[in-house]
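Student: I've just opened this one and would like a hand finding my way around. Could we go through it together?

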Amino acid sequence: MIKLMKAAKTPGTGRANRRLDGLVYRIRTGKWIWAIAKYAILVLLAYQLLYPVLYMISASIKSPVDSYDPSVIWIPKHLSATGFTDAYKTMKYMDALTRSLMIGLGCAILDVMSCALAGYGFARYKFPLRPFFFACVILTLIVPTQTIILPYYMNMRYFDPLGIMTLLSKVTGKGNVINLIGNNAAFFIPSALGAGIRSGLYIYIFKQFFEGMSAALEESAYVDGSGPLRTFAYIMLPNAKNAIITVFLFSFVWHFNDYYLSKQLLGTNKRTLIVALSSLRVDLAAVIGGQTTTDPIRIQTRIQAGCLLTILPMFLLYIVTQRKLADSIEHIGIK
């Protein structure tokens with residue numbers, strides 16, 4: 001538009017040229033003002049989101065001297081790693097991290113397998129009460145876990161698949177029970193059956209994705225002699241890469257960050273990172289002794305260091321997978 005205005009200038013029309021120059025100046029000035037305002041808003045929003053992380057970093061690396069120095073606000077004068085070492089020992093970091101990774105990765109893989117199969121069935125096959133069963137799937141997203149935790153816990157405490165243990169008890173006359181409390185299988189079994197954390201959402205994602213795929217792919221496979229399972233495994237599933245990535249990352253993050261079920265099903269001896277962080281204040285007494293009650297600044301420093309250690313794996317995961325996650329969400333159409 002500016003080029004056209006400049007081209008429209010002709011010699012001898014000074015007033016018109018001045019008007020055009022003023023219009024061009026106002027347009028350029030408006031663009032600069034809009035650009036500055038846009039970046040200012042983005043900077044303010046970024047600061048609002050990053051403020052907790054910046055505060056944790058600043059508080060966790062301060063020495064006790066800087067904590068009582070009113071001149072030190074953000075940048076400490078004396079650096080100290082004591083908060084990290086104490087939090088690392090108190091949380092039993094490597095043990096908790098390994099357990100969190102095992103649960104997160106195992107459940108994510110099982111969720112992808114089971115929910116992809118269930119979503120494909122809802123998308124492609126018509127069977128009696130299909131809308132009712134899919135409504136039950138969506139209902140799992142509405143019902144809070146806290147309302148079903150008692151039967152959930154009892155099912156894992158006295159695990160009885162298909163009534164086999166009850167039948168064995170009647171045959172042998174002994175109380176045969178399988179106790180899954182404190183075992184990672186308490187998370188793996190529900191995920192393998194499509195009933196894990198947020199599994200209803202994963203089934204919905206796969207259903208929507210498979211419904212958007214052309215039925216000609218399946219028809220071609222059937223003509224070539226492939227059965228339903230072979231078609232699903234070799235034709236449909238490889239084309240669902242975007243949905244697989246999305247479901248895998250969602251499942252991994254939600255299982256890794258879960259507190260409620262981890263606290264109930266794993267007990268006190270086996271803890272994930274989130275559970276270890278929640279009890280960090282109490283457990284610090286065994287590491288730094290009486291300072292926990294007389295020096296709140298030291299407690300705060302170690303808690304902030306523990307928070308940083310807890311979010312570190314998710315931060316690294318985000319850096320590695322942010323582009324793939326954004327592309328996958330865009331392709332499967334999640335809002």
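What follows is a chat between a student and a tutor about this predicted model.

Student: Let's start broad. How many helices and strands does the chain have?

Tutor: Keep in mind that this is a predicted model. Going along the chain, the count of strands comes to 0. The helices number 19.

Student: And what share of the 335 residues in the chain is buried?

Tutor: A residue counts as buried when its relative accessible area is under 20%. Put that to the 335 residues of the chain, and the buried share is 34%.

Student: What part of the contacts with a separation of 6 or more comes from residues 24 or more positions apart?

Tutor: Here we leave aside contacts with a separation below 6 and look at the rest of the chain's contacts. Among these, residues 24 or more positions apart account for 72%.

Student: Now for some helix packing. Are helices H5 and H12 roughly parallel or roughly perpendicular?

Tutor: Helix H5 covers residues 93–124 and helix H12 covers residues 228–236, and their axes are 12 Å apart. The two pack at an angle of about 110°. Angles from 65 to 115 degrees count as roughly perpendicular. That is why H5 and H12 are described as roughly perpendicular.

Student: Which residues make that contact, and how many of them are nonpolar?

Tutor: On the H5 side you'll find Ala116, Leu117, Tyr120 and Arg124. From H12 come Leu229, Thr231, Phe232 and Met236. Sorted by class, the contact has 1 charged and 1 polar residue, and the nonpolar ones number 6.

Student: On to charges. How many salt bridges does the structure hold?

Tutor: Side chains of opposite charge can pair when their charged atoms come close. In this structure, the number of salt bridges is 5.

Student: How far apart in sequence are the parts that Arg302 and Asp86 tie together?

Tutor: The side chains of Arg302 and Asp86 meet in a salt bridge, at 2.6 Å from N to O. Arg302 sits in helix H19 (residues 296–332) and Asp86 in helix H4 (residues 82–91), so the bridge ties together parts whose separation in sequence is 216 residues.

Student: Are Arg302 and Asp86 buried or exposed?

Tutor: The cut-off for buried is under 20% relative accessible area. Arg302 comes in at 5%, and Asp86 has 9%. Both values fall under the cut-off, so Arg302 and Asp86 count as buried.

Student: What about Glu211 and Lys207: which one is partly exposed?

Tutor: These two form a salt bridge, with the closest N and O atoms 2.8 Å apart. Both lie in helix H10 (residues 199–211), 4 residues apart, or about one turn of the helix. Lys207 has 10% relative accessibility and counts as buried. At 36%, the partly exposed one is Glu211.

Student: Which residue forms a salt bridge with Arg271?

Tutor: Arg271 is buried at 17% relative accessible area, and it lies in the loop between helix H14 (260–266) and helix H15 (273–278). Its partner is in helix H16 (residues 280–283), so the pair ties together parts 12 residues apart in sequence. The side chains meet at 2.9 Å, N to O, and the partner is Asp283.

Student: Which backbone oxygen does the side chain of Thr246 reach?

Tutor: Thr246 is part of helix H13 (residues 241–256), and at 0% relative accessibility it counts as buried. Its side chain comes to 3.0 Å from the backbone oxygen of Asn242.

Student: What do the buried residues of helix H9 pack against?

Tutor: Helix H9 spans residues 185–192, and its buried residues include Ala185, Phe187 and Ser191. Ser191 has 0% relative accessibility and touches, among others, Cys107, Asp111 and His255. As a group, the buried residues of H9 pack against H5, helix H7 (149–157), H13 and H14.

Student: One last stop. How far apart in space are Ile303 and Ser60?

Tutor: Ile303 belongs to helix H19 and is buried, with a relative accessible area of 16%. Beyond its neighbours within four places in sequence, Ile303 is in contact with Leu277, Leu280 and Arg281. Ser60 is 243 residues away from Ile303 in sequence, but C-alpha to C-alpha the distance is 7.9 Å.

How values were computed. Residues are numbered from 1 along each chain as its sequence is written. This is a predicted model: local features need pLDDT of at least 70, side-chain atom pairs count only at pLDDT 80 or more; totals for chains, interfaces and linings use all residues. Side-chain values use heavy atoms; hydrogens and water are left out. Axes are lines fitted to C-alpha atoms, for helices over the stretch in contact, and angles run from 0 to 180 degrees between N-to-C directions. Angles under 35 degrees count as roughly parallel, over 145 as roughly antiparallel, 65 to 115 as roughly perpendicular and the rest as oblique. Contact means heavy atoms within 4.5 Å. Ala, Val, Leu, Ile, Met, Phe, Trp, Tyr, Cys and Pro count as nonpolar, Asp, Glu, Lys and Arg as charged, and the others, Gly among them, as polar. A salt bridge is a side-chain nitrogen of Lys or Arg within 4 Å of a carboxyl oxygen of Asp or Glu. Buried means under 20% relative accessible area, exposed over 50%, partly exposed in between (1.4 Å probe, protein chains only). A polar contact is a pair of N or O atoms within 3.5 Å; within protein, one must be able to donate a hydrogen and the other to accept it, and residues adjacent in sequence count only if both atoms are side-chain atoms.
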